[in-house]
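User: Hi! I have a structure open on my screen and would like to understand how it is put together. Could you walk me through it?

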Amino acid sequence: MGAFIIRRFLWMLLVLFGVSVVTFVLMHGVPGGPFDGEKKLPPEILANINKKYNLNDPLVIQYLTYMGNIVVPRIYQGELTASQTSDYLIDIPLNENTHFQWMNFGPSYKSKSRSVNDIFRDQLPVSAQLGIVALLLALCIGIPLGMVAALRRNSRFDYLSMSVAILGVSVPSIVLGPILVWQFGVNKSFGIQLPVTGWGTPAHFIMPAFALGFASSALFARLTRASLLEVLNEDYIRTARAKGLSERTVLNVHALKNALIPVVTVIGPLFAALVTGTFVVEKIFGIPGMGKYFIDSIGNRDYPVIMGTTLLYASLLVIANLFVDLAYAWLDPRIRYS
Amino acid sequence: MSTEVQTSVRPGAQAAAPVLKLEQSKPQGYWADAFRRLTRNRMAVLGLIIIFFLILCAIFANQLAPRSYDKQVLTDNNKVPSWLPALFPSVKPVGTEGGYAKLSDTYPFGADSLGRDILSRLIYGTRVSLSVAFVGPLTSLLIGFLMGSIAGFYGGRVDNLIMRFVDLMYAFPSILLVILMMAYFRSSFNQSAPGTLAFALNQIDASFGGLFFIFVALGITSWEQMARLTRGQVLSAREREYVLAARAVGMGNRGILFRHILPNIIGPLIVAETLTIPTYISFEAFLSFIGLGVNPPTPSWGSMISDGAQALRSYPNQAIFPALALALAMFAFNFLGDGLRDALDPRMRGVS
């Protein structure tokens, strides 16, 4: 198992490397640079800017400098000014005059006062919280619902919950967001008034997380139900029952783990969907997250922001896939990675 | 097949022998059976009807829409039909306390911030969504089926190579790549010189109404699943007796693949594709939402929602109606997909 993890880790690094190269090439391949605005800048200023950001160097050098700043940690001796402390994402003071610094994602071309590190520090926790809450919501609603529907097959509960599930699968966050805002933000249905925009209190979480997670929870419900029904028809369940085990034991010890395998398979791509779903939800609900920066930076040709956010999202996706594969091995002992 | 048993229940009377009436139905082929099962499924038929209605809207948009989709009457911006304040109590018409909304009945669903008729834009928007719904699966099937069937049929190193490639693409965050690539296509090909490949692709894109690159993007993100599915199916079909028989008669590889294996595995493939159509529709809406979809002024439901989201609190109709249209389309395809799956694969019926 240890060898498997190491191998997967190396594979992840390879994928991230590939993503960074492809993104870098695409970025620089698009005509239009970060400083081609409506007003054409005078050539001296343009020359200065290019020198400051090393935009005249050959692409390979630019790429290596950029990746070097991120990957290679350094020890800094001496005093740090206030603005310099935010240059690196990870800054650990070892003693008074030495700092251990790692991961500098560079400045932002568009925003003079904030570097990409600042953007990560401020916006990333918001997006991460939203995504995690949405995922937890989806898991905690969807899986139990699917389980109960499978156990009470063809009952009224089953039909009701599966109808709601089809509804959920057909209503992505693009659709659900405005509807929720309309109902609970503006119309005050059932007397509930939820805050529409902004961030800060738990009440601000409710609508966005629901808009993001509802479709996923519906998917989980349908998948869990189908898979549990299939597992319950298997021979080993019949054996377990014949042995006289209580229904609860049969379920918990034998059926559940196997039923969850297809569900876990779906979590990987679902993570990708959640991550991209945050773009939409953040725009609709006015949440200060990272989605806006990612999309805007592409239009602005803000190279460091594009690279930084792309690398971030890519790493999240590959890490999620790794956890999914590890979960496989835990759920089904027959799956062993040599 | 139905049986009817009739017995008379008068006490004391001679009990009549039960009369069994058998209704023998002709054994029909796989597809006829599947079609019968499909039409018996009410939700699937409802889905079909809705899809048919949407197709009509798309084809006859010029006749059905009251106005052109890009005609801007700036003085009419944000106008609201008179039945709207009843449905959306927060929209207060001019004249009431705190009122701001201008009423106008010439716009059935209201006008957006540039004075364009929302109903007309909804109707024209069906064109984009439906083209995506039909062409998306085709591209994904094309690429995925080719890769998967070659891998499954020839096996060995070819199989290994192709499957490694599929795994690589699977692990790659293609969504990000699609977004970057859409940005690339949109900007670079706008300023290309005639005669270059870029210009040619741009022309193709323009002739498709701006959809060509979206189709490419869809194909790129979704073929891996189809390839894996096809490979599995081909692997199991390859060992069947009819393949052996075909070889014995001297049929070549390509013949076996297209005339024997393909017709037998197409069922699960169709089911899998139909079930992913709602994700294609939603993906196109997402791309339009973030501004990387069809070029304005061509209306797409996603871009309408994005525009309407700006004015969500004051004029919710601008975002809600396209959202409902999108939900309707996805419902219909979901029901149809479920119905198709139940019809083509009866073992799975009831397992949702």
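Analyst: Happy to help; this is a predicted model, and we can take it question by question.

User: Let's begin where the chains meet. Which helix of chain A gives the most to the side that touches chain B?

Analyst: The contact joins 43 residues of chain A to 39 residues of chain B. Several helices of chain A each supply at least two residues of that side, including helix 1 (2-29), helix 8 (202-232) and helix 10 (247-285). With seven residues, the one that gives the most is helix 7 of chain A.

User: And how many residues on that side of chain A are nonpolar?

Analyst: The side of chain A that touches chain B can be split by class. Four of its residues are charged and eight are polar. The nonpolar ones number 31.

User: Now chain B by itself, please. What share of its residues count as buried?

Analyst: Chain B holds 13 helices and two strands. Among its contacts between residues at least 6 apart in sequence, 69% join residues at least 24 apart. Of its 352 residues, the share that counts as buried is 39%.

User: Which helix of chain B gives the most to the largest nonpolar core?

Analyst: That core has 142 residues, and A:I174, B:I179, B:I281 and B:L326 have the most contacts inside it. Leaving aside neighbours within four places in sequence, B:I179 is in contact with B:L292 and, in chain A, with A:I298. A second, separate core of seven residues includes B:F153 and B:V234. As for the largest core, 17 of its residues come from the helix that gives the most, helix 13 (residues 317-344) of chain B.

User: A:I298 caught my eye. Which residues of its helix, helix 11 of chain A, are buried?

Analyst: A:I298 is one of the buried residues of helix 11 of chain A. Just after this helix, A:R301 takes a positive phi of about 55 degrees. The buried residues of the helix are A:G291, A:Y293, A:F294, A:I295, A:S297 and A:I298.

User: How are helix 5 and helix 9 of chain B oriented to each other?

Analyst: Helix 5 (residues 118-154) and helix 9 (residues 212-237) of chain B pack with their axes 6 Å apart, at an angle of about 40 degrees. Helix 5 of chain B passes helix 9 of chain B in a right-handed crossing, and their contact has 17 nonpolar, ten polar and two charged residues. An angle of about 40 degrees is not under the 35 degrees that would count as roughly parallel. The two helices of chain B are therefore oblique.

User: Which residues of helix 12 of chain B meet helix 11 of chain B?

Analyst: The axes of these two helices of chain B come within 7 Å and cross at roughly 45 degrees, in a right-handed crossing. From helix 11 of chain B, the residues involved include B:E284, B:F286 and B:F289. On the side of helix 12 of chain B, they are B:W301, B:G302, B:S303, B:I305 and B:S306.

User: Last one: is B:P297 buried, exposed or partly exposed?

Analyst: B:P297 is found in the loop between helix 11 (253-289) and helix 12 (301-310) of chain B. Leaving aside neighbours within four places in sequence, B:P297 is in contact with B:Y69 and B:D70. A buried residue needs 20 or more other C-beta atoms within 10 Å, and an exposed one has 12 or fewer. B:P297 has 15, so this residue is partly exposed.

How values were computed
Residues numbered from 1 in each chain as written. Chains lettered and ligands numbered in written order. Predicted model: local features only at pLDDT ≥ 70, side-chain atom pairs only at ≥ 80, totals over all residues. Contact = placed C-beta atoms within 7 Å. Helix = DSSP H or I, 4+ residues; strand = E, 2+ residues; numbered from the N terminus. Nonpolar A, V, L, I, M, F, W, Y, C, P; charged D, E, K, R; others polar. Axes fitted to C-alpha atoms, helices over the stretch in contact; angles between N-to-C directions. Parallel < 35°, antiparallel > 145°, perpendicular 65-115°, else oblique. Left-handed = near helix turned anticlockwise from the far one by under 90°. Core = buried A, V, L, I, M, F, W, Y, C linked by C-beta atoms within 7 Å.
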